[in-house]
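Dear colleague,

Please find below the structure that I am handing over to you. My account of what was found in it follows directly after.

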Amino acid sequence: KFMRRCTTQASNSDTVEPSEHEISSNGLNDVPSPGLDLRRFTDLQDQRRQEALRSVLVRHVGKATEEELTKFCSHFGEVQNSFTYGDKEQYTLLEYTSKGSVHSLLNTAHFRSVLEVVPYRSRLLSFRTSNWMNSSSKKHSVGEMTAEQRFSILATKLCAAQSMEEQMRVLVRETELSEGETRLRFLVCSLVEDAITGHFPGCIVHPFGSSVNGFGNKGCDLDMYLNLNVEEHKPKKKKSFPRMEYEVKTVPTERAATQNLLSTVGQGLAEFVPSCRHVQYILNARCPLVKFMHEATGIQCDLTSNNSIALKSSELLNLYSRIDPRVAPLVYAVRHWARLHHVTSNMPGGWITNFSLTALVIFFLQYTDKPVVPRIDALKELADKTDTCILEGNDCTLVSDLTKVPLSENTDSIDDLLLEFFEFYSNFNFRNCGLNLRTGEIQEKQNFDALYIQNPFEQQLNLSKNVSMHQLEKFVQLAREAAWMAEQPDFLQPEVGPKGGVTPWGLVSILSGYNKRKRRLMDQKEFTPILDSIKSGNSTRNSSHGNV
Ligand code: CTP
Ligand code: MG
């Protein structure tokens, strides 16, 4: 999916003018999210939520143009922003300055036929003009690109950069969620919330995970958390009489309540809510969820409930992404490298998840000689009373005012940090040591899990419990290869290849695993077989801590 901002009528502080680099491969202006923003995470989330509540998503039928649509919609109020996307079918996300305009627009919308449809009033609409009959409603599709084709386009852009540092910044720019894509994600949550509100007034569907943590890639899944918002109705400790109580259904466990809720919500989405398709129920997972595809946006959604700690974890990662401008390029590079080398996967299994990978990067940035980012306990110490947050009995307090976080004294460049990251984990004693992001220290491993990263908020849990020894070994092996490549004298030298193009260098060598000398050295058996140290726990380098 590609997005562009086509109109901005009202003055808006986050307006970003498209620049040359924002022209994406299909020629549309792809506007990136604004840069580092020091506003409170909850304020940012709330602003996005309010924008979504003032927005509708409209499918263009036939030859209906964006201009016609905007003109039509302007009759119901001032249009603040609109974003159009899609090749097979065009859609426009349209934001009004006032929520009342959405209601006025919905009040004039028609149902195609009351006999054949479920008359559900959704903010997903179709716009049809008088000439719709004369046109073919489907445009010719340019076809999906393969992962190789996408990487090849990306690699060309990266190879054209002037330095590895610039390559890392280009990678973020080219792959991060754009402003329009972020808005679409909040709108999908808002549409799902509309569908649930009838049964559970006051409920909120929050996006979490990579859609909001500052490290989202184009096309990443949308993790959603349904909060029924019933905290204020829980009985106070001191019971007072007389009082009124709700009559409710009882279930054996809280988990069963979550499973029933998700199963019913999933059915509602499948039966009544336009564009929600391929609903799958994964209710026996540790964290029960419903998966579905939101077809109009092409976003794969994972809906959970009772998952407030996951939203807090996303806030934590989001804080780190904004504490220091080096964090995001580093995380993007590592996540990209891991995906291209199949260290991560969308399939459930023993792979290192993006969440674990990000934790590995943050820990490295805490543990390095001069820390780039503070430990989590320091973020808690900086918090004030209003930041206090206890979730399911866990203290999840974090500072919300980012201006209180001191700047780092570390001046390393992002490319140096990336190479240090690979070196650090090439030699880490995973066999005996675990990572503690609260203290920023290495800790003795509590169990036999291959990779142990203490969950920051549920401290008795390992957030990497799923990781198999095989996948950890693969990670270490590839980290060693990356560190080795970076030591080669021609690592940063672009060269013209036999077909006239530039051969991979710098970040592209690391992402693609390409190195001109590698094959030769491997043939000569100079390329050291890996992993002996994690298998045996023996050291190849001396360190008083976790590095072996
Ligand atoms: N999460 C968690 N514990 C885990 C795995 C995930 O608390 N063991 C929470 C985290 O808040 C994480 C969120 O669930 O941010 C989403 O997890 P996941 O989808 O795996 O990570 P993303 O950051 O969303 O990455 P991706 O782009 O792969 O979806
Ligand atoms: Mg996710």
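**D384 and its surroundings**

The side chain of D384 forms a polar contact of 2.7 Å with the side chain of T386. D384 itself sits in the loop that runs between α11 (376-381) and β11 (390-391). Its relative accessibility is 30%, so D384 counts as partly exposed. M293 is 91 residues away from D384 along the chain, and the C-alpha atoms of the two are separated by 40 Å.

**The model as a whole**

Please note that this is a predicted model. The predictor assigns the complex an ipTM of 0.97 and a pTM of 0.87. For the protein, the mean pLDDT is 85, and 83% of the residues reach 70 or more. Two stretches call for separate mention. Over residues 1-34 the pLDDT is below 50, and this stretch has 94 contacts in the model beyond near neighbours in sequence. The pLDDT is also below 50 over residues 519-548, a stretch with 47 contacts beyond near neighbours in sequence.

The protein has 548 residues, of which 51% count as buried. Its secondary structure comprises 16 helices and 14 strands. If one takes the contacts between residues at least 6 apart in sequence, 67% of them join residues at least 24 apart. The protein exposes about 27700 Å², and carbon and sulfur atoms supply 52% of that area.

**The ligand site**

Which residues are the closest to ligand 1? They are S210, D223, A310, R335 and N354, within a surrounding set of 13 residues. Two helices, α8 (308-323) and α10 (354-367), each supply at least two residues of this shell. The most comes from α8, which gives three residues.

Several polar atoms of the protein lie beside the ligand. An oxygen atom of ligand 1 is 2.9 Å from a polar backbone atom of A310. The side chain of N213 has an N or O atom 3.3 Å from an oxygen atom of ligand 1. At L463, a polar backbone atom is 3.3 Å from a nitrogen atom of the ligand. Taken alone, ligand 1 exposes 570 Å², and the protein buries 76% of that.

**N436 in strand β13**

N436 belongs to strand β13 (residues 433-436). Is this residue buried or exposed? N436 is buried, because its relative accessible area is 8%, and the cut-off for buried is under 20%. Its side chain makes a polar contact of 2.9 Å with the side chain of Q443. In addition, a polar atom of the N436 side chain lies 2.8 Å from the backbone nitrogen of R438. Leaving aside residues up to four places away in sequence, N436 touches F363, Q366, E441, Q443 and Q454.

**Cysteines**

A disulfide is a covalent bond between the sulfur atoms of two cysteines. How many disulfides does a search of the whole structure find? The search finds zero. C220 is in no disulfide, and the nearest cysteine sulfur, which belongs to C301, is 11 Å away. C301 is likewise in no disulfide; for this residue the nearest cysteine sulfur is that of C276, at 7.0 Å. A pair counts as a disulfide if the sulfur atoms are within 2.5 Å. C220 has a relative accessibility of 14% and therefore counts as buried. C301 is buried as well, with a relative accessible area of 0%.

**Backbone features**

Most residues other than glycine have a negative phi, and most peptide bonds are trans. Three places in the model depart from this pattern, and they are described here in turn.

A cis peptide bond joins F241 and P242, with omega at about -5°. P242 is placed in the loop between β7 (222-227) and α7 (254-272). N229 lies in the loop between β7 and α7. Phi of N229 is positive, near 60°, and the residue counts as partly exposed because its relative accessibility is 30%.

The remaining residue to report is N306, which has a positive phi near 55°. N306 is found in the loop between β10 (299-305) and α8. With a relative accessible area of 39%, N306 is partly exposed.

Yours sincerely

How values were computed. Residues numbered from 1 in each chain as written. Chains lettered and ligands numbered in written order. Predicted model: local features only at pLDDT ≥ 70, side-chain atom pairs only at ≥ 80, totals over all residues. Heavy atoms only, no water. Helix = DSSP H or I, 4+ residues; strand = E, 2+ residues; numbered from the N terminus. Buried < 20%, exposed > 50% of the residue type's maximum accessible area, 1.4 Å probe, protein only. Contact = heavy atoms within 4.5 Å. Areas by Shrake-Rupley, 256 points an atom, 1.4 Å probe, with all protein chains shown as cover. pLDDT = per-residue confidence, 0-100. Near = heavy atom within 4 Å. Polar contact = N/O pair within 3.5 Å; in protein donor to acceptor, adjacent residues only side chain to side chain.
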